[in-house]
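User: I'd like to go through this model and ask how each label is earned. Can we start with what makes something a pocket?

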Amino acid sequence: MVIATEKTERRPPLKRGKACLNCRHLKIRCDGVHPICGPCIRIPKDDACEFNDSQSRTQELESLVFRLQSRLDELQGGSDPFIYSSGSQYRGRASPSARSSPFSEPSSNDISPTLSVFASTSQSSPASNPSSLPSHGEYPDRPEKEPPRSMIIALLQYFLPHATQFGFFLHPIRFKDSVLLPFHLGDERRPSPALIYAAYLWGAHLSQSPHILPSAPYFLKRAQRHITGEISLSNPTHLLHTIQAQVLLSTYFLRNNQFLEAEFHLNGAATLALGYQLHKIRSSRPTSPPPLLGVPLLLGEEVYPAPPADAIEEGERIRAFWTLVCLQIHLMFAAGAASSSSAAAAFCLLESVGMGIDTPWPFEIEEYEHQSGIGGLGPGYRGQETVRRFLTSIENTTTSSLQQTNQPQVPTLHAKASVLLYRAMRLSASWSPALNAQERSAYQTSYTWLDRRITAFWQSLPPVYAFYADRASARTLALTHALTACAAIRLHDSPGACDREARGKCVFAARGVLDVLGDANVYARVGAGAAMHPVVGALCGVACGALMDEVGRVGVGVSARAGREGEEEMMKLVGEVRAGMVTMGVYAAGCPLVEYQLRNLRQRFETM
């Protein structure tokens, strides 16, 4: 019997174009067996075995020419994978073959192929290097290209529902409508390019989709590159957009555990805010000379280049300033600066302008829309020393009707809680065993006053369950409760604590943090934990740390008296720490900073 082998069995040669794509590319003999040919079975390739019998030799050559031409365009500067077409739609390059055109729009409602192609192209293209990107206006007849419209809509849908959690202070509907306008990137009728790419970045990041997420580095480099140009141009139309882009990038870097980059972008935004005196909106005092050169002096008016067009725009400016204040405090707290003297030296708007903040507290963006008059504050409203009036409980007699409503404004409460946290960080960092008697007395006075102020504010906060219907407001309010409780922890858990009940207040505040952040209704939806501000990890970590410190103190007492009550208390504390780490794990999903903080906390817990 003769056994047919590959050497003895001869197959007739295949006709041209019948070999699989792998064999054709590698120039090896293909047996043409479907669905997988012999060479691909014997030596598996990275690419699947595919046949393209429908293409003629002419079509193959046309496809090759098209790919080479596309690559040539990339090397010559037109490396963006998408081009802008007339009308409101974005489309890819025309292609002689659907297979050979990687940038064509999908024919169905499924946008995944387009997204994945854009991601792979943006990673491999020279355009992913910011130094190789053409500056705006370098090709006046070739506007900078963006993703297809379907991808833009998808990115905004991922980002905008959670945007306020990450420092988005603009009107979301106005922003979305302007992004989708059929004008090229850089047109003044659309948001600034840096802001557009920062929003795309967050959309890609929050999607956690394998089709979209790889595009994030491309969007990040685009946003950073455009910010540099926008700051140098000082376009008054896009000034607030540049600040917003800086805030979004700073929060993004903080979320990714990159503190230096986060601080860099945040300081850039704060410098712009100070230069154009956003802390003096509706001030009753004459405006001081602006710290930025080239900004005209307008006594009695804001130094911002142009007056607000309507109430919403002024509301955006107010929200911009307080967003910067809160983010600076959150960054310092997350970085651990609160426990060292570096907190006193850190650049913060509260420290830079002192009691010179006259800008009113922020409201929900919709509230400005519903109020009459510029800014929703009434045409005659003027204020001063907003922070001092809050800390000393001095209310402004000219408060607007909006501020007198019974409905609490969550952004206002959030900003006030951040101010209290900053004061607690500053005070605890100022303690030193070397203080003299007079300094110790002053510290004790400040300690007692701040303790009362934190307690009164915490008691005045509305419960989170009252805002369950509005998930974004519920999360911000939960964060507000946690910030206030951590202010109490920082105050009472310092070496300078001069309250005999300080330890009990620390434990109570720590439990309050974990209770409010562990509320399942705050993150009930699948993946919703990823939509919380990255400072949530530091809040959970401080609370768990305070409880673990208490476990150590209780453990010493148990060893001394071997009391059953002490053992039960210690087991309860250990269980609360475990539950706190579970809560922290929810927020660690998709957030490298919280993941890192959780790992450190677990290591400390295991060695406790």
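Analyst: A pocket is an open set of grid points with protein on both sides within 12 Å along at least five of seven lines, and its volume is the space filled by probe spheres set on the points. Keep in mind that this is a predicted model. The second largest pocket holds about 890 Å³ of space.

User: What makes a residue part of the lining of that second largest pocket, and which ones are closest to its centre?

Analyst: A lining residue has an atom within 4 Å of a point. There are 39 that line this pocket, and Thr 164, Arg 319, Glu 364, Pro 411 and Thr 476 are the closest to its centre. Helix H11 gives the most to this lining, with 6 residues. Others that supply at least two each include helix H9 (239-255) and helix H18 (471-492).

User: What is the make-up of that lining by class?

Analyst: The lining has 22 nonpolar, 12 polar and 5 charged residues.

User: How do you know that Cys 486 is in no disulfide?

Analyst: Check the sulfurs. A disulfide needs a pair of cysteine sulfur atoms within 2.5 Å. The closest cysteine sulfur to that of Cys 486 is in Cys 540, 8.4 Å away, so the gap is too far for a bond.

User: And what about Cys 20, where is the nearest cysteine sulfur?

Analyst: By this rule the protein has 0 disulfides. For Cys 20, the nearest cysteine sulfur belongs to Cys 23 and is 3.5 Å away, so with a cut-off of 2.5 Å Cys 20 is in no disulfide.

User: Why are Cys 20 and Cys 486 called buried?

Analyst: Buried means under 20% relative accessible area. Cys 20 comes in at 0%, so Cys 20 counts as buried. Cys 486 is also at 0% and therefore counts as buried. Across the protein, buried residues make up 51% of the 608 residues.

User: What makes a group of residues a nonpolar core, and which members touch the most others in the largest one?

Analyst: The members are buried residues of the nonpolar kinds, joined through side-chain atoms within 4.5 Å. The largest core has 152 residues, and Leu 517 and Leu 539 touch the most other members. Its largest share, 14 residues, comes from helix H11 (residues 311-334). A second, separate core of 8 residues includes Cys 23, Cys 40, Cys 49 and Phe 51.

User: Which residues does Leu 539 touch?

Analyst: Leaving out residues up to four places away in sequence, Leu 539 touches Phe 333, Leu 479, Ala 482, Leu 483, Cys 486, Val 513 and Leu 517.

Terms used:
Residues are numbered from 1 along each chain as its sequence is written. This is a predicted model: local features need pLDDT of at least 70, side-chain atom pairs count only at pLDDT 80 or more; totals for chains, interfaces and linings use all residues. Side-chain values use heavy atoms; hydrogens and water are left out. Buried means under 20% relative accessible area, exposed over 50%, partly exposed in between (1.4 Å probe, protein chains only). Helices (H or I, at least four residues) and strands (E, at least two) are DSSP runs, numbered from the N terminus. Contact means heavy atoms within 4.5 Å. On a 1 Å grid over the protein atoms alone, a cavity is a set of points where a 1.4 Å probe fits but cannot get out, and a pocket is an open set with protein on both sides within 12 Å along at least five of seven lines; lining residues have an atom within 4 Å of a point. Ala, Val, Leu, Ile, Met, Phe, Trp, Tyr, Cys and Pro count as nonpolar, Asp, Glu, Lys and Arg as charged, and the others, Gly among them, as polar.
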